[in-house]
Amino acid sequence: MKDYLFPKDFWWGSASSATQMEGAANKDGKGKNIWDHWYEIEPNRFFKKIGPSETSQFYARYKEDIALMKELGHNSFRFSISWSRLIPTGEGEVNPKAVQFYNQVMDELWNQGIEPFVNLYHFDMPFELQEKGGWESREVVKAYVKYAETCFDLFGDRVKKWFTHNEPIVPVENQYLYGHHYPALCNFQKCVQAGFHSILASAIAIRAYHKRNLGGKIGIILNLTPSYPRSQHPADVEAAKIADAFFNRSFLDPSVKGTFPSELVDILKKEGFMPHIEDGDITLIKENTVDLLGINYYQPRRVKAKENLFNPNAPFMPERYFDYHDMPGKKMNPYRGWEIYEKGIYDILMNVKENYGNIECFISENGMGVENETRFLNEEGMIEDDYRIEFYEEHLKWVHQAIKEGSNVKGFHVWTFIDNWSWLNAYKNRYGLVSVDLDKDCKRTVKKSGYWFKKLAVTGLI
Ligand code: BGP
């Protein structure tokens, strides 16, 4: 047992995002974001047509929820500030009701001995700013920086861990390539521009934060998906390397090292997709890197060399350079359709140790979404989610191994505390340590994994 004892001051907690758990999307002056808009015009995009307006009620029930977090052993909790709640049209006037809400949440967290980790952008572009081009537009970069500065000035006295983005590649690829987020375009040029602007926005926000000397740290949260080649054949290895440059190093390198991977730049040049870059941008990115790295890990990426020639007339996709490999016998979470590969978390931490200066980091999301969990209700009305406990334990063993080998990993946040609304799957797959009963006014009930988490956080032992 002693083999899996975690450091005393390890950050135990969970992660969330505003759109997914606050609800009250039309209340107290909140402006519309792209999710509110998309649901209005295309509700069929969302599982069972459940939209983002009334998600999990954290806005109304934050006190009750924070008390429960305390009860379940949290010493830290990550949430995001809703840009369109704080600044309803994305730029301009600040909404005093939003300031009051986030002040109350932060104060309540500290009262319960839980440190707030605050993320600024979690997929929720204010609608008016999307109309101006969203991340494609340089104007939106300016608006984001103003929003970030407003947050630092309003809340910087109580927040000592800030994050500029959660998984910035996800909105960019889903808005501009794969059609999962509004406006669901398929345009690689815009995708590259939007990606570049989100990196630039992050660097400018980091500069603004450091200038203020508020005594905290600022980082970014990235979804890292280690790329494993099907075989050691040079063509498979090369394919995995390119996939890694597109999907991991594209954001990891500029965020931590201030540079872009040359493999990626070469491809963008060759294919004619370099973004518009202004004088000073590259220096700015170089000089303003993160203090802290959040790592979201759910699944690996298995890759092989292309089997067929691509259609040169089709819109450009990164998949022109590799194919996905459907590895026989892989362990799956069938509900989400994601492979479960626990050692991936260790491989990421070792990569960060060896190739990214062993920067201070933590696991900022890890979790398992399962459908129809009421199947597992016991007589006392508790969901016995042993599969989730096993999922976490197996990942944590690899985190522990990484610590033994010198990784600078400081904590583990689960996704998520209470069941929440998923971007496309709405309430289909549940991730919480605590269940939410949508038929009973979002009644909260701790799952077996919640009690397991409490023991883990209190003893530091698995
Ligand atoms: C991460 C996001 C979260 C959350 C999670 C689970 O990528 O940061 O916002 O949604 O994935 O994914 P999903 O909700 O799509 O099942």
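## A tour of pockets, cavities and unusual bonds

Start at strand S16: with 3 residues, S16 gives the most to the lining of the second largest pocket. Keep in mind throughout that this is a predicted model.

**Stop 1. The second largest pocket**

Select 434–437 to show strand S16. Then add 443–446, which is strand S17. Both strands supply at least two residues each to the lining of this pocket.

Now find the centre. Pick Thr374, Arg430, Val436, Asp437 and Leu438; of the 22 lining residues, these lie nearest the centre of the second largest pocket. The space here comes to about 550 Å³.

Colour the lining by residue class. What does the lining of the second largest pocket hold, by class? There are 10 charged residues, 7 nonpolar and 5 polar.

**Stop 2. The largest pocket**

Move on to the largest pocket, which holds about 1100 Å³ of space. Its lining is made of 41 residues. Select Val170, Glu173, Gln299, Arg336 and Trp338 to mark the ones closest to the centre.

Next, show the elements around it. Helix H8 is 169–176, strand S8 is 301–304 and strand S11 is 338–339. Each of them supplies at least two residues of the lining of the largest pocket. Which element gives the most? Helix H8 does, with 3 residues.

Colour this lining by class as well. Expect 16 polar, 15 nonpolar and 10 charged residues in the largest pocket.

**Stop 3. The ligand**

Stay where you are and switch on the ligand. The ligand sits in the largest pocket. Arg336, one of the residues closest to the centre of that pocket, is also among the residues closest to the ligand.

Show the shell around the ligand: 13 residues in total. Label the closest ones, namely Gln20, Glu167, Arg336, Ser422 and Tyr431. By class, the shell splits into 5 nonpolar, 5 polar and 3 charged residues.

Now turn on distances and go through three contacts.

- Gln20: a polar atom of its side chain lies 2.8 Å from an oxygen atom of the ligand.
- Arg336: a side-chain N or O atom is 2.7 Å from an oxygen atom of the ligand.
- Tyr431: a polar side-chain atom lies 2.5 Å from an oxygen atom of the ligand.

How much of the ligand's accessible area does the protein cover? On its own the ligand has 380 Å² of accessible area, and the protein covers 92% of that.

**Stop 4. The cavities**

Leave the ligand and look for enclosed space. Rolling a probe the size of a water molecule over the atoms shows where empty space is left. Searching the whole structure gives 5 cavities of 30 Å³ or more.

Go to the largest cavity, with a volume of about 70 Å³. Select its lining: Ile199, Ser202, Ala203, Ile206, Ile220, Pro254, Ser255, Ile285, Asn288 and Val290. Then show helix H9 (188–212) and helix H10 (234–257), the elements that give two or more residues to this lining. H9 gives the most, with 4 residues. What classes of residue line the largest cavity? The lining has 7 nonpolar residues, 3 polar and no charged.

Move to the second largest cavity, at about 60 Å³. Select Ala18, Thr19, Glu22, Gly23, Ala25, Lys30, Asn33, Asp36, Pro52, Thr55, Ser82 and Arg85 to see its lining. By class, that lining has 5 polar, 4 charged and 3 nonpolar residues.

**Stop 5. Unusual backbone**

Switch to a backbone view. Most residues other than glycine have a negative phi, and most peptide bonds are trans. Four spots are worth a look.

Zoom to Tyr182 and Pro183: the peptide bond between them is cis, with omega about 10°. Pro183 belongs to the loop between H8 and H9.

Jump to Trp415 and Thr416. A cis peptide bond joins this pair too, with omega about 10°. The loop holding Thr416 runs between strand S14 (409–414) and strand S15 (429–430).

Pick Lys49 next. Lys49 is not a glycine, yet its phi is positive, at about 55°. Look for Lys49 in the loop between helix H2 (34–41) and helix H3 (58–71).

Finish at Asn372, where phi is also positive, near 50°. Asn372 is in the loop that lies between strand S13 (370–371) and helix H14 (386–404).

How values were computed. Residues are numbered from 1 along each chain as its sequence is written. This is a predicted model: local features need pLDDT of at least 70, side-chain atom pairs count only at pLDDT 80 or more; totals for chains, interfaces and linings use all residues. Side-chain values use heavy atoms; hydrogens and water are left out. A residue is near a molecule or strand if one of its heavy atoms lies within 4 Å of it. A polar contact is a pair of N or O atoms within 3.5 Å; within protein, one must be able to donate a hydrogen and the other to accept it, and residues adjacent in sequence count only if both atoms are side-chain atoms. Accessible areas come from the Shrake-Rupley method with a 1.4 Å probe; for residues, only the protein chains shown count as cover. On a 1 Å grid over the protein atoms alone, a cavity is a set of points where a 1.4 Å probe fits but cannot get out, and a pocket is an open set with protein on both sides within 12 Å along at least five of seven lines; lining residues have an atom within 4 Å of a point. A molecule sits in a cavity or pocket if more than half of its atoms lie within 2 Å of its grid points. Ala, Val, Leu, Ile, Met, Phe, Trp, Tyr, Cys and Pro count as nonpolar, Asp, Glu, Lys and Arg as charged, and the others, Gly among them, as polar. Grid points are joined across faces, edges and corners, and a volume is the space filled by probe spheres set on the points.
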